[in-house]
Amino acid sequence: MTSAPNEPGNDDRGLNPADLHELRFTRASMLRPGYVDTEVDRVMSRVAEELARHIAEKAQLRDEVRALRAHVEGTPVPVAPSEQAVRILSSAQQTADAYVAEAEEFSRQMTSEARAVYEEEVRQARENAGAIIQAAQEAAAKMTVGMAGADAGARSMEELEEQVAYLKAFGQACRVQLRSYLEALLSDVEKEWGRADPALLPQQPARAPAQRSSRDAPDDSAATFYGNTAAEAPGASEEQEGSPATAGSRSAP
Amino acid sequence: MDIAAMRANFAKAAATGDEAPLYFYSHLFLSHPETRQMFPVSMAHQRDRLFSALGDVVARVDDLDALVPILQQLGRDHRKFGTLAAHYPAVGASLLATLEHFDDQWSPELAKDWTEAYTLVAEVMTAAADEAAEQPAWWDADVVAHETRAIDVAVLRIRPRAQYDYVAGQSLSLETNVRPRLWRYYSPANAPRPDGLMEIHVKARDGGPVSSALVRRVGVGDVLRLGPPVGHISLDAESDRDLLLIAGGMGLAPLKALIDQVSRRGPARRVDLFVGARNDDHHYDRADLRRLEQENPWLSVTLAVSEDKLSSLEHGDVGDVVMRHGPWLSREVYVAGPGVMVDDTVSRLREHGVPSRRIHSEVFAPSRPGPSLDGEVTE
Ligand SMILES: Cc1cc2nc3c(=O)[nH]c(=O)nc-3n(C[C@H](O)[C@H](O)[C@H](O)COP(=O)(O)OP(=O)(O)OC[C@H]3O[C@@H](n4cnc5c(N)ncnc54)[C@H](O)[C@@H]3O)c2cc1C
Ligand code: HEM
Ligand code: HEM
């Protein structure tokens, strides 16, 4: 079915070997060496056509020979598909292949574009989140500078990093803390009303995050911080019946 | 058999590229239309593989000892396509017609040699298929849960309707009713369970018909068809050496099955699992791995990311990360994932001094180069 591996030069009618032998191409020009390429192309395509015709004809003849031989020998002909049928089905198959490939290519482009957009959005969101955390860290640093007063300038890098680590942990623990705080509040309301100083309760969590670096200052803000970690530590939450983990009751170690 | 002549004859057909296989299939479908429905609609990618593979086999027809086990496995596996013994002569006739069509010097001797070779191969395959006759040709499995874990990853739980025997770490080929006749390999992520449930992890590949369907179309109530299990990974029952498991992407699935096996059956041993992915989001099974790590003191799990600067996980290719820990000289090592990752990791382990016989690997090769007609590679 292709023009590929058969050499020209079989006996034929349309294009004779002699034609090819006698064929002389025109020289292109003084400046461009070789033959005139349009001439060469035309001959080549004729040769290809001719070859294809030969191959098809040969196959058809083979079909016929086979059928005749079987007829002569009186054996039933195994219904071998004709060359023409094979060719038709082959090109139908190629069309189907091309459609499927096109559909898959389309779906590949769609999904990879969609993914690229998605990943970019996620990346930006995470970067923004990173920026927010950083801003929070800077703000926290400023607050503590304000609170720690004059010796703030001497704070080491280590302390800063500790702060950052704390803030990260705080972020993660926020939900746990909030829940245990609310529970603590509830149990407080139920059981400890009147014993604890009610005025203390609502303030603590709000003050907690900014207090970390001043832990060596033995004031009540440091104590508040410990109160919060206790609430986020595993085991310090709901399960601990009987020791109501109110922020208030833990705030004075 | 004049093998040299057969090779020369085959080379002529192979030299036509797509023409010969195209001719072969068209011939087959015309002479035996009942075989058409066994093949997928598009066969662009099967065709060239078939012919190059045939060439390999012709080259080895004189080394039947090496070929026989491969052919037996192939024959057993063919039952899942619905292949019957009666189909083999049909295929043989089309193969011969093809080889004849593309060879001007076709001769009765060639015809005789090819018939002999084909008959031999077909006999080995059909005999193996017959021997496996008491086994189902394929297993229907119900999808009982479908969970999307990342934009392109889903975890499916499936339950075969008949008993399906396999070993932790093996893979199986499967077909879905929404993508008929396309068979692809997946690895159960658990060891065999008494209730038969299997967990399959699938990542949708762009333009990949089967994986996208499994992630986005298939749901609870759909039925999958499973072929028999295959694979290069399994635990040596005799050994209780500590394990080092290294997964790239979806390569996690068969390694998780090994962990499951250790926890169900023992023997007690240390297991270190490393999982590499591009970024945080691709660690689709993180929560469950953390749970396993907490429940099993003998297990440690390290997650790594290769392209995520913000991640709090370890950074680097998973092979790098593994090498930062260790030493691993006494371990039995299992590696699964994409080809590049597996090759890279295995060669680093060898350099590290782990003997080759203690390194086992499974490459999650794509079923074909790419979805376009010319097979352009996309990843
Ligand atoms: C032994 C074995 C076990 C496997 N286990 C799993 C598994 O547990 N989970 C899983 O999700 N996959 C697994 N695979 C890969 C799986 O068999 C399919 O190749 C994959 O799901 C794609 O199928 P598809 O029909 O969607 O795409 P295909 O038609 O196969 O390919 C479409 C496009 O996707 C690309 N592509 C396909 N597969 C990959 C790949 N693995 N890596 C990179 N690019 C690819 C191709 O290059 C192509 O461009 C395994 C493969 C092997 C050989
Ligand atoms: C002597 C006969 C044959 C031998 C020895 C042979 C061997 C092989 C081998 C070794 C492969 C490679 C498998 C792989 O890479 O995974 C292959 C691929 C293939 N063969 Fe053949 N083959 C033969 C005849 C046939 C016939 C007759 C058919 C069709 C009915 C066929 C269909 C295929 C297909 C479809 C593939 C590619 C599958 C895929 O892409 O997944 N083969 N063959
Ligand atoms: C000697 C004979 C044959 C050989 C060596 C052979 C070989 C192969 C190989 C290697 C594959 C690829 C397997 C895989 O990817 O898992 C394959 C696939 C296949 N074979 Fe055969 N085969 C033979 C005969 C047959 C016959 C008789 C039929 C039935 C008509 C058949 C039908 C198929 C089908 C339907 C596929 C799957 C094609 C796909 O996935 O696209 N094969 N064959």
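At 55% relative accessibility, Asp62(B) counts as exposed, where exposed means over 50% relative accessible area, buried under 20% and partly exposed in between, with a 1.4 Å probe and protein chains only. This is a predicted model, in which local features need pLDDT of at least 70 and side-chain atom pairs count only at pLDDT 80 or more, while totals for chains, interfaces and linings use all residues. Residues are numbered from 1 along each chain as its sequence is written, chains are lettered from A and ligands numbered from 1 in the order in which they are written, and side-chain values use heavy atoms, with hydrogens and water left out.

**Loop residues of chain B**

- Asp62(B) is found in the loop between helix 3 (44-60) and helix 4; helices (H or I, at least four residues) and strands (E, at least two) are DSSP runs numbered from the N terminus.
- The C-alpha atom of Asp62(B) is separated by 7.8 Å from that of Ile3(B), with the two positions 59 residues apart along the chain.
- Phe102(B), in the loop between helix 5 and helix 6 (108-131), is buried at 10% relative accessibility.
- A C-alpha separation of 6.4 Å links Phe102(B) to Lys12(B), although they are 90 residues apart along the chain.
- Ser239(B) belongs to the loop between strand 6 (223-230) and strand 7 (243-248) and is buried, with a relative accessible area of 14%.
- A polar atom of the Ser239(B) side chain lies 3.1 Å from the backbone nitrogen of Arg241(B); a polar contact is a pair of N or O atoms within 3.5 Å, and within protein one must be able to donate a hydrogen and the other to accept it, residues adjacent in sequence counting only if both atoms are side-chain atoms.

**Iron site**

- His78(B) is the only protein donor of the iron atom of ligand 3, through NE2 at 1.9 Å; donors are N, O and S atoms within 2.8 Å of the metal (3.2 Å for Na, K and Ca), and sites may look incomplete because water is not among the atoms.
- The loop between helix 4 (64-77) and helix 5 (87-101) of chain B holds His78(B).
- The iron atoms of ligand 3 and ligand 2 are separated by 5.5 Å.

**Surroundings of ligand 1**

- Ligand 1 is surrounded by 27 residues, the closest being Arg184(B), Tyr185(B), Ser211(B), Ser367(B) and Arg368(B); a residue is near a molecule or strand if one of its heavy atoms lies within 4 Å of it.
- Oxygen atoms of ligand 1 lie 2.5 Å from a polar side-chain atom of Ser211(B) and 3.0 Å from a polar backbone atom of Lys203(B).
- A nitrogen atom of ligand 1 lies 3.1 Å from a backbone N or O atom of Phe364(B).
- The protein covers 94% of the 890 Å² of accessible area that ligand 1 has on its own, by the Shrake-Rupley method with a 1.4 Å probe.
- Strand 4 (179-186), strand 5 (198-203), helix 7 (209-216) and strand 12 (359-363) of chain B each give two or more residues to the shell.
- Domain 2 (139-230) and domain 3 (243-363) of chain B both contribute to the shell, so ligand 1 lies between them.

**Backbone geometry**

- Arg181(B), in strand 4 of chain B, has a positive phi near 70 degrees and is partly exposed at 26% relative accessibility.
- The peptide bond from Gly266(B) to Pro267(B) is cis, with omega near -5 degrees.

**Chain A**

- Chain A comes to seven helices and zero strands, and 24% of its 253 residues count as buried.

How values were computed: Domains from an automatic or database assignment.
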